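Biologist: Could you take me through one part of this model in close detail, and then show me how the rest of the chain fits around it? I'd like the metal site first, please.

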Amino acid sequence: MTIALDPLMTWLVVAGIIVVLLFAFSVGHRTGTRRTLNRARQYSRVTDPDALVDGGNGRYRAALVVNPTKTDVRGLASTAEAICRFEGWSPPLVIETSVEDSGEGATVRALDEGVDVVIAAGGDGTVRAVASALAGTSTPMGIVPLGTGNLLSRNLDIILDKTEWALRIALWGRNREIDVGTAKTAEDGDTHVFTVMTGLGFDAAVMADTNSDLKSRLGWLAYVEAGSRKLAGRPSHVKVTFDDDYRLSARVRSVLGGNCGKLQGGIQLLPQAVIDDGMLDVLIVSPKNLGQWVGVLASVLGRKASKGLHTDVRKCQKVVIESGEELDVQLDGDPIGQSGYLAMEVMPSALTVRVPTVEQRKQIRAEAWPV
Ligand SMILES: [Mg+2]
């Protein structure tokens with residue numbers, strides 16, 4: 001009896017598997033599952049097989065440091081968890097930022113947990129806070145850009161509007177070492193880290209005066225509105241010392257130190273800035289009246305800020321700006337108060353950021369324009 005049923009059972013099982021496979025194929029064909037499977041195969045090519053040997057359960061783990069004012073944390077956490085599971089990673093450690101901790105404390109906690117990448121999900125403020133804690137370590141930073149400017153993502157060509165891709169890039173992207181800048185607003189003051197640019201004067205005054213409601217409704221146009229109100233101000237006398245040596249005295253509206261120079265709308269404020277050359281590009285903006293501002297604008301829009309009208313750019317490793325009056329200071333677009341002193345220095349190759357691989361770029365393009 002048993003001998004007679006075994007071949008029958010085997011046949012039934014085989015037939016069942018064929019039916020299930022045919023069903024899955026036909027459904028998959030319609031729903032795009034096949035595309036997902038193909039994509040999974042492509043991912044496996046960029047995966048480093050030797051990498052999956054971490055301690056614990058032998059799987060990688062990411063931390064997601066999220067600014068809850070920029071997104072639905074639950075939604076993002078469940079997307080991140082699904083992607084991590086699909087990619088063979090452990091569920092991510094999700095930590096929300098707060099008024100007291102904009103992300104630096106959260107990142108230190110994540111590092112204590114031994115995560116393999118810390119993903120900053122928020123605006124430029126969150127990216128700066130996470131970068132502050134990661135600078136000088138070998139743990140890479142991923143970015144899910146959720147802000148208005150998203151300047152570091154723009155400068156590194158990290159995808160801006162596709163959260164799922166940003167997460168995949170954070171997990172399996174290429175490690176790119178970049179410089180970060182440090183800034184101090186007093187000789188014995190705290191050291192702040194920035195990844196894009198820090199400035200004293202007009203630019204910081206605009207950021208301090210930008211209406212946050214308008215910013216959430218109009219985006220970067222809110223800066224234009226605040227900027228137009230500040231244009232008519234008067235220049236301030238500053239002394240700028242480059243690399244402890246060369247000094248310059250001038251009446252200026254703004255002095256900016258930049259690690260990279262791309263802004264919203266494709267504007268290149270520092271066309272010569274290179275994010276990993278171990279140098280800061282210092283831009284001095286010195287129009288005396290509204291007419292000269294037109295020259296500055298033309299220089300910036302013409303991508304000639306270095307040789308432009310009423311602007312000057314110098315490369316250095318360290319710069320100190322001293323002013324007799326208190327001027328607004330901004331770090332990566334965040335106003336941090338006023339000071340008559342600003343020292344900036346570059347920390348070469350201090351931060352590792354996950355940027356898209358060539359393969360990932362191809363896949364993102366293929367998704368945007370399916371053949
Ligand atoms: Mg540089």
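Modeller: Let's start with Asp277, which is partly exposed at 29% relative accessibility. Keep in mind that this is a predicted model. Asp277 is one of the protein donors of the magnesium ion, giving an OD atom, while Val274 and Met279 each give an O, and these donors lie 2.2 Å from the ion. Along the sequence, the donor residues follow the spacing V-x2-D-x1-M. Val274 is also in the middle class for exposure: its relative accessible area of 37% makes it partly exposed.

Asp277 has a second job in the geometry, as a salt-bridge partner. Lys315 pairs with Asp277, with 3.3 Å between the closest N and O atoms. That pair links distant parts of the chain, 38 residues apart: Lys315 sits in strand 12 (residues 311–316), and Asp277 in the loop between strand 10 (254–258) and strand 11 (280–285). Lys315 is partly exposed, with 38% relative accessibility. The pairing doesn't stop at two residues, either, as Asp277, Asp281 and Lys315 are linked in a network of salt bridges. In general terms, side chains of opposite charge can pair when their charged atoms come close.

Now for the other salt bridges. The structure holds 10 of them. One of them joins Asp334 to Arg128, with the closest N and O atoms 3.3 Å apart. Asp334 belongs to strand 14 (residues 334–355) and Arg128 to helix 5 (residues 124–134), so this pair ties together parts that are 206 residues apart in sequence. As for exposure, Asp334 is partly exposed at 26% relative accessible area, whereas Arg128 is buried at 14%.

Another salt bridge runs between Lys318 and Asp244, where the closest N and O atoms are 3.2 Å apart. Lys318 is in strand 13 (residues 318–331), and Asp244 is in the loop between strand 8 (236–242) and strand 9 (246–252), so here the parts tied together are 74 residues apart in sequence. Lys318 counts as partly exposed, with 25% relative accessibility, while Asp244 counts as exposed, with 60%.

Stay with strand 13 for a moment, since Leu327 is found there too. Leu327 is buried, at 12% relative accessibility. Setting aside residues up to four places away in sequence, Leu327 touches Leu200, Gly201, Ser236, Gly337, Gln338 and Ser339. There's also a neat pairing in space: the C-alpha atoms of Leu327 and Gly340 are 6.0 Å apart, and the two residues are 13 apart in sequence.

Another buried spot worth a look is Asn150, with a relative accessible area of 7%. You'll find Asn150 in the loop between strand 4 (141–145) and helix 6 (151–156). The Asn150 side chain reaches the backbone nitrogen of Gly147 at 2.8 Å. Leaving out neighbours within four places in sequence, the contacts of Asn150 are Gly122, Gly123, Asp124, Pro145 and Leu160.

On the outside, have a look at the nonpolar surface patch of about 370 Å², which Leu218, Trp220, Leu221 and Val224 make. Leu221 is in helix 10, covering residues 221–230. With a relative accessible area of 41%, Leu221 is partly exposed.

Finally, step back to the whole protein. The chain has 12 helices and 14 strands. Of the 371 residues, 47% are buried. Take the contacts between residues at least 6 apart in sequence: 70% of them join residues at least 24 apart. The protein exposes about 18,600 Å², and carbon and sulfur atoms supply 55% of that.

So, back to where you asked me to begin: Asp277 is a donor of the magnesium ion, and Asp277 also takes part in the salt-bridge network with Asp281 and Lys315.

Notes
Residues are numbered from 1 along each chain as its sequence is written. This is a predicted model: local features need pLDDT of at least 70, side-chain atom pairs count only at pLDDT 80 or more; totals for chains, interfaces and linings use all residues. Side-chain values use heavy atoms; hydrogens and water are left out. Donors are N, O and S atoms within 2.8 Å of the metal (3.2 Å for Na, K and Ca); water is not among the atoms, so sites may look incomplete. Buried means under 20% relative accessible area, exposed over 50%, partly exposed in between (1.4 Å probe, protein chains only). Patches are made of residues with over 30% relative accessible area and no salt bridge: like charges are joined within 9 Å, nonpolar side chains (Val, Leu, Ile, Met, Phe, Trp, Tyr) within 5 Å. Accessible areas come from the Shrake-Rupley method with a 1.4 Å probe; for residues, only the protein chains shown count as cover. A salt bridge is a side-chain nitrogen of Lys or Arg within 4 Å of a carboxyl oxygen of Asp or Glu. Helices (H or I, at least four residues) and strands (E, at least two) are DSSP runs, numbered from the N terminus. Contact means heavy atoms within 4.5 Å. A polar contact is a pair of N or O atoms within 3.5 Å; within protein, one must be able to donate a hydrogen and the other to accept it, and residues adjacent in sequence count only if both atoms are side-chain atoms.
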